[in-house]
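Here are my notes on the model, point by point. Please read them with the structure open.

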Amino acid sequence: MCNIVYRIAICDDDESFVLLLSEQVSEILADRGVEFEITAFPSGEALLNFISEKSAAFDLFLLDIYMKEINGVDAARTIRRVH
């Protein structure tokens, strides 16, 4: 049997919200026996740079809509266009 590890990206410029969301997602998935890995990003730029430099792929993106420079909507558009 193949174990699938779901890769989750959380992108938000509010560090306390990132911690809260990470804890909630972790609790929900752990309770269901789902293997996962969460990576947090403080900005849309950081997320897009990581994806570009590491050729990284995620299964789920949780993006803040209101961020400076590149917001979550623009980041999502770029991700869809590139990947």
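1. Which residue forms a salt bridge with Arg77? The partner is Asp74, with the closest N and O atoms 3.3 Å apart. This is a predicted model, so treat that distance as a computed value. Both residues belong to helix H3, and because they sit three residues apart, about one helical turn separates them. Arg77 is exposed, at 53% relative accessible area. Asp74 is partly exposed, at 32%.

2. The salt-bridge count comes to two. The other pair is Glu37 with Arg7, whose closest N and O atoms are 3.4 Å apart. This pair links distant parts of the chain: Glu37 lies in strand E2, Arg7 lies in strand E1, and 30 residues separate them. Glu37 is partly exposed, with a relative accessible area of 38%. Arg7 is also partly exposed, at 24%.

3. Now the sheet. It is open and has three strands, in the order E2-E1-E3, with parallel pairing. Why do E2 and E3 each have a side without a neighbour in the sheet? Both stand at the edges with a single partner strand, so one side of each is left free of a sheet neighbour. From one strand to the next, the twist averages 20°.

4. Look at the pairing of E1 with E3. Strand E1 covers residues 5-11 and pairs with E3 in the parallel sense, over four bridges. Ile10 has Leu62 in E3 as its bridge partner.

5. Helix H1, residues 15-31, lies across E1, E2 and E3. Its direction is at about 170° to E2.

6. Phe58 deserves a check. Its place is the loop between helix H2 (44-54) and strand E3 (60-63). Is Phe58 buried or exposed? Its relative accessibility is 11%, so Phe58 counts as buried. Leaving out residues up to four places away in sequence, Phe58 touches Arg7, Ile8, Ala9, Thr39, Phe41, Leu47, Phe50 and Ile51. Arg7 thus appears again, as the salt-bridge partner of Glu37. From Phe58 to Glu37 the C-alpha distance is 9.5 Å, with their positions 21 residues apart in sequence.

7. Last, the surface. Ile65, Tyr66 and Val73 make a nonpolar patch of about 330 Å². Tyr66 is found in the loop between E3 and helix H3 (72-82). With a relative accessible area of 71%, Tyr66 is exposed.

Methods
Residues numbered from 1 in each chain as written. Predicted model: local features only at pLDDT ≥ 70, side-chain atom pairs only at ≥ 80, totals over all residues. Heavy atoms only, no water. Helix = DSSP H or I, 4+ residues; strand = E, 2+ residues; numbered from the N terminus. Buried < 20%, exposed > 50% of the residue type's maximum accessible area, 1.4 Å probe, protein only. Contact = heavy atoms within 4.5 Å. Pairing = 2+ DSSP bridges. Axes fitted to C-alpha atoms, helices over the stretch in contact; angles between N-to-C directions. Patch = residues over 30% accessible without salt bridge, like charges linked within 9 Å, V, L, I, M, F, W, Y side chains within 5 Å. Areas by Shrake-Rupley, 256 points an atom, 1.4 Å probe, with all protein chains shown as cover. Salt bridge = Lys/Arg side-chain N within 4 Å of Asp/Glu carboxyl O.
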